[in-house]
Amino acid sequence: MEGFGTAWTLAAALSLLVHGPAFAHVESGTATGLVSGLLHPVTGLDHLVAMIAVGLWGAQLGSPAIWLLPITFPLVMAFGGLLGLAKLCLPFAEQAVALSAVVLGALIMLRARPPLWIAALVVATFAIFHGYAHGLELPHAADPLAYGAGFVIATGLLHLCGILIGTLMRWPLGEGVVRACGAVVGVVGCYFLLATVGLFP
């Protein structure tokens, strides 16, 4: 039932995107905010791979991390989003977002298994910066509440993608595939990290 509700929410959001002009006179700010929030995490590759990596690492660590990490990230990210909306100064946010992909990718690739509280702390720390970046980039015309709901939903779905990929570990070659995914996440993170210091366009 929960999966059906999520699918319905996504379908409604996509419908808003396709039929946007029809909402020109009815809650256009809310519609724009929800769609913008849903799309924002998937339009930035550094954000996207890091959020998938959270679910992937949780699946690799197993229960209870498989649920705790994907729950921790959106909750703390929402707090970071409020910091961004308030225009508070959080230095090196762009670098931290890219670094999150590097670190999470490396942890998956190396099959790191720290204590649960350390894993949650790592995820929560990076979540603040991801949320802050989302909050800063809030479109002026968007409804902040709808935008926030949109990017939290999209983040949860990306975590779920990571968890689903993580189920490959049930098969003999699955562990290698998961670790290879971690390597890809890390490489993407390295690219964006170097781009923030001007080494790449």
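Buried means under 20% relative accessible area, exposed over 50%, and partly exposed in between (1.4 Å probe, protein chains only). This is a predicted model, in which local features need pLDDT of at least 70 and side-chain atom pairs count only at pLDDT 80 or more, while totals for chains, interfaces and linings use all residues. Residues are numbered from 1 along each chain as its sequence is written, and side-chain values use heavy atoms, with hydrogens and water left out.

**View 1. Helix H8 and its buried residues.** Helices (H or I, at least four residues) and strands (E, at least two) are DSSP runs, numbered from the N terminus. H8 covers residues 174–196, 23 residues in total. From first C-alpha to last it reaches 33 Å, close to the 33 Å expected at 1.5 Å a residue; the expected span is 1.5 Å times one less than the number of residues. Its buried residues are Gly174, Glu175, Val178, Gly182, Val185, Gly186, Val188 and Gly189. They pack against H3, helix H5 (93–109) and H7. Just after H8, Gly198 takes a positive phi of about 90°.

**View 2. Thr155 in helix H7.** H7 spans residues 144–166. Thr155 is buried, because its relative accessibility is 0%. Its side chain reaches the backbone oxygen of Phe151 at 2.7 Å. Leaving aside neighbours within four places in sequence, Thr155 is in contact (heavy atoms within 4.5 Å) with Pro41, Met51, Phe73, Pro74 and Met77.

**View 3. His47 in helix H3.** H3 runs over residues 45–61. His47 has a relative accessible area of 7%, so it is buried. Beyond neighbours within four places in sequence, His47 contacts Pro41, Val97, His130, Ala133 and His134.

**View 4. The largest nonpolar core.** A nonpolar core is a set of buried Ala, Val, Leu, Ile, Met, Phe, Trp, Tyr and Cys residues joined through side-chain atoms within 4.5 Å. This one has 29 residues; Trp57, Leu69 and Phe73 touch the most other members. H3 gives the most to this core, with 10 residues. Not counting residues up to four places away in sequence, Trp57 touches Leu69, Leu104, Leu107, Ile108, Ala112, Pro114, Ala119 and Val123. Apart from this core lies another, of 7 residues, among them Ala93, Val97, Phe129 and Ala133.

**View 5. Confidence along the chain.** The mean pLDDT (the predictor's confidence in each residue, from 0 to 100) is 81, and 80% of residues reach 70 or more. Helix H1 (residues 2–18) has the lowest mean among the elements, 38, and H5 the highest, 95. Over residues 1–28 the pLDDT is below 50. Where pLDDT is low, the predicted coordinates should not be read in detail.

Methods:
A polar contact is a pair of N or O atoms within 3.5 Å; within protein, one must be able to donate a hydrogen and the other to accept it, and residues adjacent in sequence count only if both atoms are side-chain atoms.
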